[in-house]
Amino acid sequence: MENIKEIKDAICDVCHKMWQLGWVAANDGNVTVLLDDDTLLATPTGISKSFITPEKLVRIDREGNILEANEGYRPSSEIKMHLRCYKDRADVRSVVHAHPPTATGFAVAHIPLDRYDMIETVVSLGSIPITPYGTPSTYEVPEAIAPYIQEHDAVLLENHGALTLGANLIDAYYKMETLELFAKINLTAYMLGGPKEISRANIDKLVGLRSYYGVQGRHPGYKHYAAED
């Protein structure tokens with residue numbers, strides 16, 4: 001049986017870490033976790049992630065209806081994006097949305113992180129695309145991400161931020177960490193003359209290590225390489 005208190009505490013811990021790392025400002029970002037009873041815990045709208053405490057979290061159903069919440073608290077209007085992830089991916093149990101500065105810089109510049117140039121990211125995430133622009137709080141965003149989340153656990157949101165999907169909360173959070181570090185390394189590599197991609201043969205080996213390391217989730221493989229063959 002799930003320990004709801006532990007899950008709430010973990011959500012708060014992740015929110016505080018994101019704020020401390022500078023991935024969110026003011027009331028940016030949101031976190032959700034799918035529970036065993038098919039309901040979700042979600043961060044409330046209008047509150048800095050640095051101020052999140054367990055009693056401020058809201059519980060909703062898969063349609064976004066509030067089941068439990070203290071007076072005045074409700075989920076972010078961007079919950080639609082989270083709900084689409086759970087609807088389309090039965091393996092997803094947590095979704096994290098944030099604005100990590102370097103990764104978001106790539107999203108604002110419309111530069112996807114689709115190069116296979118760092119070993120750890122090749123294994124854990126593969127290429128990271130940019131989803132088309134969508135107006136926040138509308139159904140444009142879930143429609144924009146839908147084609148991409150079938151094969152990707154991390155995406156950049158055009159002119160907006162980043163989204164990661166995980167088998168659990170920590171998995172989703174780690175993927176956001178990996179995404180932001182990958183963006184920082186690539187930015188440095190571009191300043192040093194441009195990142196150099198790993199060979200196709202070595203990419204094959206790295207993707208094959210996913211099962212050895214127990215990496216969960218979806219992976220795009222190396223389809224953009226196949227397109228060049």
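Which strands does helix H6 (residues 169–191) lie across? Keep that question in mind while you open the structure, which is a predicted model, and select residues 169–191 to bring up the helix. Helix H6 lies across S1, S5, S7 and S8, and its direction makes an angle of about 140° with S8.

**The sheet**

Next, show the strands as a cartoon and follow them from one side to the other. Eight strands make up an open sheet with mixed pairing, and their order is S4-S3-S2-S1-S5-S8-S7-S6. At the edges you will find strand S4 (66–68) and strand S6 (130–131), each of which pairs on one side only. Strands of a sheet pair through backbone hydrogen bonds, in either the parallel or the antiparallel sense, and the stops below include examples of both.

**From S6 inward to S5**

Start at the edge strand S6, which runs parallel to S7 and is joined to it by two bridges. Select Thr131 and look across to Leu157, its bridge partner in S7. Leu157 also stands opposite Gly161 in S8, and this takes you on to the next pair of strands.

Strand S7 (residues 154–157) and strand S8 (residues 161–166) run antiparallel and are joined by four bridges. One of the places to look is Leu156, whose bridge partner in S8 is Ala162. The hairpin of S7 and S8 has three residues between the strands, and in this hairpin Asn159 takes a positive phi near 55°.

Now colour S7 by side chain and turn the view from one face to the other. Both faces of this strand are covered, with Ala154 and Leu156 buried on one side and Val155 and Leu157 buried on the other. What share of the residues of S8 is buried? Six of the six are, so S8 is largely enclosed by the rest of the structure.

On the S5 side, S8 pairs with S5 in the antiparallel sense over five bridges. Select Ser94 here, and you will find that its bridge partner in S8 is Gly166.

**A buried loop residue**

Keep Gly166 selected and add Ile128, which is 38 residues away in sequence and 15 Å away in space, C-alpha to C-alpha. Ile128 is placed in the loop between helix H4 (119–124) and S6. Is this loop residue buried or exposed? Ile128 counts as buried, because its relative accessibility is 0%. Leaving aside neighbours within four places in sequence, its contacts include Ala154, Val155 and Leu156, together with Leu179 and Phe182. Pro112, Leu113, Asp114 and Thr121 are also among the residues that Ile128 contacts.

**Helix H3**

Move to helix H3 (residues 101–109), where the buried residues are Thr102, Ala103, Thr104, Phe106 and Ala107. The elements that cover these buried residues include S6, S7, S8 and H6. Just after the helix, select His110, which takes a positive phi of about 60°.

**Two helices side by side**

Select helix H1 (residues 4–20), which lies across strand S1 (30–34), strand S2 (40–42), strand S3 (58–60) and strand S5 (94–98), and runs at about 155° to S1. Add H6 to the view: H1 and H6 pack at an angle of about 10°, with their axes 10 Å apart. That angle makes H1 roughly parallel to H6. On the H1 side the contact is made by Ala10, Ile11, Val14, Lys17 and Met18, and on the H6 side by Leu169, Ile170 and Tyr173.

**Aromatic rings**

Stay with Tyr173, and show the aromatic side chains as sticks; a search of the whole structure finds four aromatic pairs. The rings of Tyr173 and Tyr174 have centres 6.2 Å apart and planes at 45°, so this pair is tilted. Tyr173 is buried, with a relative accessible area of 5%, whereas Tyr174 counts as partly exposed at 49% relative accessibility. The rings of Tyr212 and Tyr213, with centres 5.2 Å apart and planes at 70°, are edge-to-face, and both of these residues are exposed.

Return to Tyr173 and Tyr174 and add Trp23, because the three belong to one selection worth saving: Trp23, Tyr173 and Tyr174 form one aromatic cluster.

For the last stop, select Lys80 and Tyr139, where the charged end of Lys80 sits over the ring of Tyr139, 5.5 Å from the centre of that ring.

How values were computed:
Residues numbered from 1 in each chain as written. Predicted model: local features only at pLDDT ≥ 70, side-chain atom pairs only at ≥ 80, totals over all residues. Heavy atoms only, no water. Pairing = 2+ DSSP bridges. Contact = heavy atoms within 4.5 Å. Axes fitted to C-alpha atoms, helices over the stretch in contact; angles between N-to-C directions. Buried < 20%, exposed > 50% of the residue type's maximum accessible area, 1.4 Å probe, protein only. Phe/Tyr/Trp six-rings, centres within 6.5 Å; stacked < 30°, edge-to-face > 60°. Lys NZ or Arg CZ within 6 Å of the ring centre and 35° of its normal. Parallel < 35°, antiparallel > 145°, perpendicular 65-115°, else oblique.
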